[in-house]
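Grab a coffee and open the viewer. Here are a few short exercises, each with a worked solution to check yourself against.

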Amino acid sequence: MGSAVVQNLIAISIYMLLVVGIGVYFAKKANKNAESYFLGGRSLGPWVTAFSAEASDMSGYLLMGVPGLAYWTGLAEAGWTCIGLALGTYLNFLIVSKRLRRYSVALDAFTIPDFFSKRFRESKKILMMISSLIIIIFFAVYAGQCLSACGKLFANVFGISYHTMMIVSAIFVLGYTFLGGFLAESASDFMQAVIMVGVLVVVMILSTVHAGGFGAIIENAKNIDGYFSLVKTANPSSVDVNVFGAAKPFTFLSIISTLAWGLGYFGMPQILLRFMGIREEKELKLSRRVAVIWVVISMAAAMFIGIAGRSIAGLDYISNIASENVFIDSAAKFLPPLLAGLAAAGVLAASVSSSDSYLLISSSAVSQNIYRGIMKKDATEKQVMWCSRITLCLITVVAMLIAWNADSTIFRITSFAWAGFGASFGPLVLFSLFWKRTTYIGAIAGMVSGGGCVFLWKLLIGKLGGVFAVYELLPAFIISSLVIVVVSLFTHNKNAEEINADFEKARA
């Protein structure tokens, strides 16, 4: 093992020890009861809320998927996607955060399925069951994407097989999530968000310098047909390096489709839980500002690293899959080995901060919502915690199976899971918070139609091409919203007086 690899390993090991230390520190408080484990006793400060929300959201696709996509096809798809995500971050904090925090406190709800169930005062727990299953399905996909990013990272840095490093990453994430629950996860996410934005900015600056400056990068990008355009995409060869065909148009429909990424934020459980867990509603204003600044800087830097890579000798890739290594290869090329290891820890930070959120929320869906909420309502705190840990193990295994294919792109895996949550939960969150007339039957119909449409559009309708070749989140979100409205107008709530009283209490 060479000296550079040893220094990489030292930096990554220091990071991992810090993360484990945070888990140990919060373990006692987190394991006091289910609410402490899953929501941290609603004690998050505004900075931790903002940083942990973004770190748990921006998984490996921020440091690997976005730079890889920008490197491969240029500015258009990556750029419009990032604009959509920035707008979604702002609007989610502005519109949803305060009302959800207030409503969840009024209902004493500390998971998203629990909130939906109590919002409509259901007795048979059908809504809770469906929303819990949706969380398990799509978060298994999400966690698989994070493990894939870790496997590719370590395989690239240490020259060890992808599958071996993916399994090691899974064991580390599982053990860490066991320790400290939501508080540890949120505290470590704060640290990881700082690492992520720091290494992105440093690598972007060094890439710019080594490429000959900002002007040289822009000039080179402009010389590639469609590469530096927001209405065209480059058409790179998959055989020869830096050989391009004629640019492809990036149509208005494509722009709307990629901007639709922003709609996903309204249904992301890992972000919504941060709103529910902040200690004071008034602190969400500061959180919003911090989160938006963080996400704009991070995504702009990630995109520019990919674009700069086209101007740097030695960063040569002939597939989108291979180009997802442009960030870590740039770090290894320009940084001393110890700092390159810190950059690698940034990718690990992005993946761990997301995957532990996904695993924790999935386990809460099973243990708190299905096991205690439906199967065994008199379950003790100890039984709920054991159920949670068993669930964590099972979902980790499923995530490993999803991540087993090393040839899948991180960006595409992410887009499917993002669409699933955005369409299943997003419309229902908005209507539950702001439209009193929403009914229980309308909620179930909207959730099922949104999630089902994501699968149907991805696997069948989208393959028809033309106007149907849009990101599945957009049509699924619209269909779910329409179904909620139409079904609610033709149905009524059994406990309308109590439900309306809850609604007015939250609104006030």
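**Exercise 1.** Work out whether Arg279 is buried, partly exposed or exposed in this predicted model, then find which residue forms a salt bridge with Arg279.

*Solution.*
- Start with the accessibility: Arg279 has a relative accessible area of 43%. Partly exposed covers the range between 20% and 50%, so Arg279 counts as partly exposed.
- Now the partner. Arg279 forms a salt bridge with Glu283, and the closest N and O atoms sit 3.1 Å apart.
- Check the partner's surroundings too: Glu283 has 16% relative accessibility, so Glu283 counts as buried.

**Exercise 2.** Find the acidic partner of Lys436 and say which parts of the chain the pair ties together.

*Solution.*
- Lys436 pairs with Glu504, with 2.6 Å between the closest N and O atoms.
- Place both ends: Glu504 is in helix α20 (residues 496–507), while Lys436 is in the loop between α17 (410–434) and α18, so this salt bridge ties together parts 68 residues apart in sequence.
- Both ends are partly exposed: Glu504 has 29% relative accessibility, and Lys436 has a relative accessible area of 31%.
- Don't stop at the pair, though. Arg507 joins Lys436 and Glu504 in a network of salt bridges.
- For the overall tally, the structure holds six salt bridges.

**Exercise 3.** Look at the salt bridge between Asp114 and Lys118. How many residues apart are they within helix α6?

*Solution.*
- Side chains of opposite charge can pair when their charged atoms come close.
- Here the N to O distance between Asp114 and Lys118 is 3.5 Å.
- Both residues belong to α6 and are four residues apart, which is about one turn of the helix.
- Their exposure goes like this: Asp114 is buried, at 8% relative accessible area, whereas Lys118 is partly exposed, at 29%.

**Exercise 4.** Stay with α6 and describe how it packs on α7: are the two roughly parallel or antiparallel?

*Solution.*
- Two packed helices are described by the angle between their axes and the distance between the axes.
- For α6 (residues 112–119) and α7, the axes come within 8 Å and cross at roughly 160°.
- Angles over 145 degrees count as roughly antiparallel, and therefore that is the label for α6 and α7. The crossing is right-handed.
- Next, the contact itself. From α6, Pro113, Asp114, Phe116 and Ser117 meet Leu127, Met128, Ser131, Ser132 and Ile135 of α7. Sorted by class, that contact has five nonpolar, three polar and one charged residues.
- Finally, the link. Ser123 lies in the loop between α6 and α7, and Ser123 is exposed, with a relative accessible area of 60%. In space, its C-alpha is 9.7 Å from that of Ile374, although Ser123 and Ile374 are 251 residues apart in sequence.

**Exercise 5.** Repeat the analysis for α7 and α18. Is their crossing left-handed or right-handed?

*Solution.*
- Helix α7 (residues 126–158) packs against α18 (residues 440–459) at about 20°, with 10 Å between the axes. That makes α7 roughly parallel to α18.
- The crossing of α7 and α18 is left-handed.
- On the α7 side, the contact residues are Ile126, Leu127, Ile130, Ser131, Ile134, Ile137 and Phe138; on the α18 side, they are Tyr440, Ala443, Ile444, Met447, Val448 and Phe455.
- Count by class and the contact of α7 with α18 gives twelve nonpolar residues, one polar and no charged.

Notes:
Residues numbered from 1 in each chain as written. Predicted model: local features only at pLDDT ≥ 70, side-chain atom pairs only at ≥ 80, totals over all residues. Heavy atoms only, no water. Axes fitted to C-alpha atoms, helices over the stretch in contact; angles between N-to-C directions. Parallel < 35°, antiparallel > 145°, perpendicular 65-115°, else oblique. Left-handed = near helix turned anticlockwise from the far one by under 90°. Contact = heavy atoms within 4.5 Å. Nonpolar A, V, L, I, M, F, W, Y, C, P; charged D, E, K, R; others polar. Buried < 20%, exposed > 50% of the residue type's maximum accessible area, 1.4 Å probe, protein only. Salt bridge = Lys/Arg side-chain N within 4 Å of Asp/Glu carboxyl O.
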